[in-house]
Amino acid sequence: MLPALVGIRASKESAGYQDAINAAMVAVSLLVAIGVSLEEVFRFGEIWREKRAAAELLKIEGFRYFQQTGAYRGKTHADAFPDFADAVEAMIEHEIKDYIVAVQPPPGAGSGSGSPI
């Protein structure tokens, strides 16, 4: 959007709207900077990809169970359910461990145990 505003600003027909166009350019620039900053701090895209991958793995396991393929081949749904529940719980546990490792600060960070300068 910013290149379009710059192009409009450069045209001769927009001579009377320069202040409004300049204000819009500043506003759009600030919105982009704020959006990029929030993405950098909160890592929304990375978190979404991780959660999406976990959801896909759970979905695959569910289809294997319902279609009785893989580890569930040759078993009834009732007989295979404990194996299915165990597999799903293992996936959830793995996801939680990955999350805890990702959000923990590195050893010694913020503890004040560093040597003085």
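Buried residues make up 12% of the 117 residues in the chain. The model is a predicted one. The chain holds four helices and zero strands. Read along the sequence, the pattern is α-α-α-α. Take the contacts between residues at least 6 apart in sequence: 26% of them join residues at least 24 apart.

## Helices H2 and H3

Helix H2 covers residues 18-42. It has 25 residues. From its first C-alpha to its last, H2 reaches 36 Å, close to the 36 Å expected at 1.5 Å a residue. Ile21, Met25 and Val28 are buried in H2. The buried residues of H2 pack against helix H1, residues 2-10.

Helix H3 covers residues 44-67. Its 24 residues should span 34 Å at 1.5 Å a residue, and its end C-alpha atoms are 34 Å apart, so the two values agree. The buried residues of H3 are Ala54, Glu61, Gly62 and Tyr65.

How do H2 and H3 pack, and at what angle? The angle is about 50°, and the axes lie 6 Å apart. H2 is therefore oblique to H3. On the H2 side, the contact is made by Leu38, Glu39 and Phe42. On the H3 side, it is made by Phe44, Gly45, Glu46 and Ile47. The residues of this contact divide into four nonpolar, one polar and two charged.

## Two loop residues with positive phi

Arginine 43 comes just after H2, in the loop between H2 and H3. Its phi is positive, about 50°, although arginine 43 is not a glycine. Glutamine 68 comes just after H3, in the loop between H3 and H4. Its phi is also positive, near 55°, in a residue other than glycine.

Are these two residues buried, exposed or in between? Arginine 43 has 32% relative accessibility, so it counts as partly exposed. Glutamine 68 has 28%, so it too counts as partly exposed.

## Four residues and their accessibility

The table sets out four residues by place and accessibility.

| Residue | Place | Relative accessibility | Class |
|---|---|---|---|
| Arginine 43 | loop between H2 and H3 | 32% | partly exposed |
| Glutamate 61 | helix H3 | 9% | buried |
| Arginine 64 | helix H3 | 41% | partly exposed |
| Tyrosine 99 | helix H4 | 46% | partly exposed |

## Around glutamate 61 and arginine 64

Glutamate 61 lies in helix H3. Why does glutamate 61 count as buried? Buried means under 20% relative accessible area, and glutamate 61 is at 9%, so it falls in that class. Leave aside its neighbours within four places in sequence. Glutamate 61 is then in contact with Tyr72, Phe84, Ala87, Val88 and Met91.

Arginine 64 is also found in H3. At 41% relative accessibility, arginine 64 counts as partly exposed. Not counting residues up to four places away in sequence, arginine 64 touches Thr69 and Tyr72. Arginine 64 and phenylalanine 84 are 20 residues apart in sequence. In space they are 9.0 Å apart, C-alpha to C-alpha.

## The nonpolar core

Which residues form the largest nonpolar core? It has five: Tyr65, Tyr72, Ala80, Phe84 and Val88. H4 gives the most to this core, with three residues. In soluble globular proteins, nonpolar side chains tend to be buried together.

Phenylalanine 84 belongs to this core. Leaving aside neighbours within four places in sequence, phenylalanine 84 is in contact with Glu61, Gly62, Tyr65 and Tyr72. Among these, Tyr65 and Tyr72 are core residues. Glu61 and Gly62 are among the buried residues of H3.

## Tyrosine 99 in H4

Helix H4 covers residues 77-103, and tyrosine 99 is found there. Tyrosine 99 is partly exposed, with a relative accessible area of 46%. Which distance separates tyrosine 99 from isoleucine 47? The two are 52 residues apart in sequence and 9.5 Å apart in space, C-alpha to C-alpha. Isoleucine 47 is also one of the H3 residues in the contact with H2.

How values were computed
Residues are numbered from 1 along each chain as its sequence is written. This is a predicted model: local features need pLDDT of at least 70, side-chain atom pairs count only at pLDDT 80 or more; totals for chains, interfaces and linings use all residues. Side-chain values use heavy atoms; hydrogens and water are left out. Buried means under 20% relative accessible area, exposed over 50%, partly exposed in between (1.4 Å probe, protein chains only). The expected span of a helix is 1.5 Å times one less than its number of residues. Contact means heavy atoms within 4.5 Å. Axes are lines fitted to C-alpha atoms, for helices over the stretch in contact, and angles run from 0 to 180 degrees between N-to-C directions. Angles under 35 degrees count as roughly parallel, over 145 as roughly antiparallel, 65 to 115 as roughly perpendicular and the rest as oblique. Ala, Val, Leu, Ile, Met, Phe, Trp, Tyr, Cys and Pro count as nonpolar, Asp, Glu, Lys and Arg as charged, and the others, Gly among them, as polar. A nonpolar core is a set of buried Ala, Val, Leu, Ile, Met, Phe, Trp, Tyr and Cys residues joined through side-chain atoms within 4.5 Å.
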